[in-house]
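Please open the structure in the viewer and keep the selection panel at hand. The tour below proceeds by selection, from a pair of strands to a sheet, then to a cavity and to two cysteines.

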Amino acid sequence: MKMFKLSTQLNIAFFIALFIPITLATLFSIVYYNAKIKNEALNKISSELKVASIIYDNAIVEMKNIAKTYSQEKALTALFVFNLGEKLGIELAKLAPTYKVNTIVFMDTNYKVVARSSDPKKLGDIIPENIYIKKAFTGEITSGTELVPPKELEQEGIHTESLGPYIMSMTSAAPVYDRKQENIVGAVLIRRILNANEAVIQKIDDVIGKSMALFAYDTMIVSKFYEDVLPIHKMPSHILETINQGQSFEESLIRRHGYLVKYQPVFNIDNTPIGAMMIKCSANEYLETMITAILSLIGIAFIGFLLSFIIKLVIQRRILRPIKILTQGMEVISQGQYEYEIQFVSRDEMGFLASSFNTMTKQLDYSHKELKKYSEELEKRVQERTEELTKSRSEMRMILDNIPLGITTINKDKKINHEYSIFMHNLFKNHKIIKGKAFEDIYIEQGKEEEQEIARKWIDMVMSNAYAWDLIADIGPNMLIHTAHDQVFYYQNSFYPITIDNHFESLLVITKDITEQKRLELAVKTQEESHHQELEIISAIINQDRCEFENYIKEAGNILEQVNHLFETLKEDSHNIGICNTMFRLMHSLKGNSRAFKMTKLGEYAHEVEDVLSGIREKEITLTTELFDGELASDNIHSKFIKMNSIIDNAKEILKKISGEPDQDLGTRKNDTARPIKIEPEVITDLINQCDSLEKMIDGADSIKTTQHIKNILFKLTLIPLDSAYNRFKTIISDLASVCNKQVELKFEGDPVYLPDKSHHLMINSLVHILRNAVDHGLETPDIREMTGKNVKGEIVLHTQTTDHHIIIEIKDDGDGIDSEIVLKKAIAKGLIDESKAETMSPQEIIELILLPGFSTSEEVSDISGRGVGMDVVVDTVTQLSGKLEIESNLGVGTKFTIILPSISDSSRLFA
């Protein structure tokens with residue numbers, strides 16, 4: 001409103017503050033009183049409708065009383081005994097108009113008419129069964145309203161041609177007893193047909209004096225003042241709505257020649273709405289009241305407008321004129337004429353305002369002169385301060401550009417501010433533009449969406465001011481890793497909140513390049529790991545038989561060489577599960593042997609390779625699956641192979657140093673009195689072959705006998721006693737028992753057994769598998785053994801026996817035995833056999849299921865068990881050595897594994 005003059009503003013204010021509110025209040029009052037008058041009218045007609053309903057209900061009660069009267073009449077028994085129906089019907093025809101009913105019918109218990117008021121001579125008709133008659137035959141007196149089918153009324157002697165499509169009747173029925181009032185011999189049925197009977201409507205009209213009608217669905221049954229009822233707006237739909245919903249409905253039209261209407265549902269005896277009762281009256285009485293109220297309100301509003309207009313004129317004269325003079329004075333002063341004075345004389349507030357205005361102009365003139373002088377001084381001081389700030393900013397910029405730290409501030413919009421150290425471009429070489437960027441886009445390397453999302457959420461927490469800084473400071477992205485130009489850089493962030501009046505304003509971020517520090521730490525860590533590895537190897541050599549350890553290292557190297565070759569084949573044929581299974585078994589054997597020889601790290605790497613191969617076997621991953629940090633499964637396996645080969649090479653070097661002959665390979669040391677000689681099997685094989693060639697070249701039985709003797713001696717040199725591994729077995733059992741919280745005693749019995757080098761190695765691995773299974777699965781924990789009456793310390797016996805044709809090795813434990821039911825369930829669950837085959841298997845065949853590849857009763861995978869590999873390796877080994885494996889187990893007693901190998905009688909079995 002600033003663009004309008006004050007007089008115009010006053011007129012607009014008058015219109016807004018007075019005219020509009022008074023108009024709205026008048027309209028609201030008119031609407032309010034109109035609604036109130038309408039509600040009062042409807043409430044009144046609702047009361048009248050209740051009266052009409054009461055009269056209607058009384059008429060129904062009257063019908064019931066009539067029926068009750070006939071029910072109690074003992075003389076009616078003669079009607080059924082002496083066939084006096086026609087005579088009684090004539091009497092009933094005379095009484096029916098007195099009772100204002102249309103028909104009175106008596107019937108026997110077979111529903112046959114014995115007397116009726118309509119057509120008394122016509123008897124014997126069968127009355128259709130209805131609810132009223134049924135209740136009468138049970139001894140109940142009933143009455144109510146119902147819609148009666150025309151055919152039923154015809155049976156009762158009532159003509160229905162002129163009654164319309166729907167016939168509404170007030171009906172009552174009562175039982176008729178014998179003279180002793182003990183047995184029901186019939187019933188009386190009384191009807192008041194409302195279609196042809198205005199008695200009820202007339203009685204209601206006499207009481208309330210309103211137009212009334214009864215409807216069945218959308219059809220009028222009977223009405224009073226028919227011509228008034230007919231023209232009601234949308235009458236059938238409102239009636240149907242009342243009947244269908246079983247609730248009252250009202251309609252009103254209060255204007256010229258308007259009306260008020262109320263509908264009330266009519267229910268039958270089972271409370272189902274079958275019709276509607278309607279009352280209608282003129283709205284003229286209420287219309288006159290409403291018009292009077294509206295005219296009164298309009299008159300009051302007009303008087304209010306007139307008084308307000310007079311007040312407005314007074315205000316304009318007493319206030320606007322002095323304000324106009326003051327306005328003119330302000331215009332003069334605004335042009336710089338501060339000496340100007342207003343000439344206005346008045347004793348009221350406006351005169352005082354004019355006097356104050358003149359005083360103000362004098363002070364303003366003085367202040368203007370002083371301000372001009374101060375402005376000149378201030379301009380000079382601002383110029384000096386600007387020069388100081390420019391110099392300070394230049395110095396700060398020079399510091400930021402030369403300090404070897406990344407310094408930025410993050411504003412409340414979570415963006416990097418324009419001021420930051422130039423070193424940021426050295427740190428984050430992939431970003432030419434830094435200012436205005438989001439924190440996570442600069443500080444977190446592209447492609448690491450998950451880390452970027454975490455950083456963004458952390459910044460949101462910081463900016464929200466909803467968390468204490470001490471709680472969230474340590475969970476921020478303090479350490480960053482970035483890659484640029486094929487190099488990895490490590491950055492360390494420090495965060496400092498910047499607050500003003502204890503309110504967070506921005507976040508200071510200081511970034512330091514710690515790449516060189518990290519590289520030194522990694523180098524130290526690598527050196528420490530290498531030193532620890534050397535100590536582990538030296539400890540393993542010192543604390544165990546060196547010859548066995550050398551064999552173990554050689555064997556581990558051979559296993560890795562095989563696995564590496566199989567791995568290259570697997571990469572070309574990644575779906576070949578057979579190759580994967582073979583690699584898995586080799587790794588499992590390497591892990592077990594490494595744990596036995598205290599080569600923990602080598603065992604850990606073998607176990608990790610097992611994990612990956614297990615996922616490939618179970619088809620959970622492939623060689624190209626990313627395991628973590630973008631590393632593929634194939635890369636993971638390859639890296640573990642490199643580390644394992646490094647450990648083995650390191651062990652070989654340490655063995656050379658300890659032997660004092662660094663230039664000699666393992667197994668080729670020179671003989672001296674201090675150390676035993678180790679001859680490789682290949683050398684002995686070559687000597688035996690030379691003896692075979694020599695036999696062909698020489699003659700004479702003595703010479704051939706000599707060469708045979710030499711061959712036998714050479715063959716015996718290749719044999720290794722089985723008991724050479726007994727100490728290793730004890731170590732394995734002791735360590736495993738400690739892990740499983742069990743007490744175990746390992747015993748060795750029987751004949752000495754010698755095996756060729758390769759057979760010895762394979763048999764040792766098989767026995768390790770059986771012994772580990774005996775501890776893990778066979779023997780119980782001490783508390784369970786004590787509960788079952790056994791010695792708390794479990795016992796495992798390794799018994800050996802040699803015969804002319806066989807070598808027999810038995811491993812027996814006194815554990816819980818093999819539960820065939822558990823074995824069968826596990827085999828079915830793992831899909832090793834189907835249920836149909838399981839039903840035909842013998843107990844021994846079920847026990848032998850543990851020899852299948854992939855079978856395991858362990859619920860979880862651990863370093864000890866759960867891989868489903870072990871006994872199948874034993875079976876393969878024994879088969880490879882031309883032997884067989886037998887199992888005996890008694891539940892609660894123990895299990896015995898028997899390995900039967902052919903005896904070694906000549907050199908032909910050396911490399912079998």
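Begin by selecting Ala 484 together with Gln 487 in β13, since these two residues stand opposite each other. The coordinates belong to a predicted model.

Next, select Met 479, and then Gln 492 in β13, which stands opposite Met 479. With both pairs displayed, show the whole of β12 and of β13 (residues 487-500): the two strands run antiparallel and are joined by six bridges.

Remain on β12 and display its side chains, which alternate along the strand. Which of them point to the buried face? Leu 480, His 482 and Ala 484 point to one face and are buried. Met 479, Ile 481 and Thr 483 point to the other face and are not buried.

Now extend the selection to the full sheet. Four strands make up an open sheet, and their order is β11-β14-β13-β12, with antiparallel pairing. The edge positions are taken by β11 (406-410) and β12 (479-484); each has a single partner strand, so one side of each lacks a neighbour in the sheet. Viewed from one strand to the next, the twist averages 30°. As general background, strands of a sheet pair through backbone hydrogen bonds, in either a parallel or an antiparallel manner.

Leave the sheet and turn to the internal cavities. The count comes to four cavities of 30 Å³ or more, and the largest cavity has a volume of about 70 Å³. To locate the largest cavity, select its lining: His 588, Ser 589, Gly 592, Asn 593, Asn 765, Val 768, His 769 and Arg 772. Then colour the helices α17 (577-596) and α23 (757-778), each of which supplies at least two residues of this lining. What is the chemical character of the lining residues, nonpolar, polar or charged? The lining divides into one nonpolar, six polar and one charged residue.

For the final stop, select two cysteines. Cys 580 has a relative accessibility of 1% and therefore counts as buried. Cys 740, with a relative accessible area of 14%, is buried because this value lies under the 20% cut-off. A search for disulfides across the structure returns zero.

Key
Residues numbered from 1 in each chain as written. Predicted model: local features only at pLDDT ≥ 70, side-chain atom pairs only at ≥ 80, totals over all residues. Heavy atoms only, no water. 1 Å grid on protein atoms, 1.4 Å probe; cavity = no way out; pocket = protein on both sides within 12 Å on 5 of 7 lines; lining within 4 Å. Points joined across faces, edges and corners; volume = space filled by probe spheres on them. Nonpolar A, V, L, I, M, F, W, Y, C, P; charged D, E, K, R; others polar. Disulfide = S-S within 2.5 Å. Buried < 20%, exposed > 50% of the residue type's maximum accessible area, 1.4 Å probe, protein only. Pairing = 2+ DSSP bridges. Axes fitted to C-alpha atoms, helices over the stretch in contact; angles between N-to-C directions.
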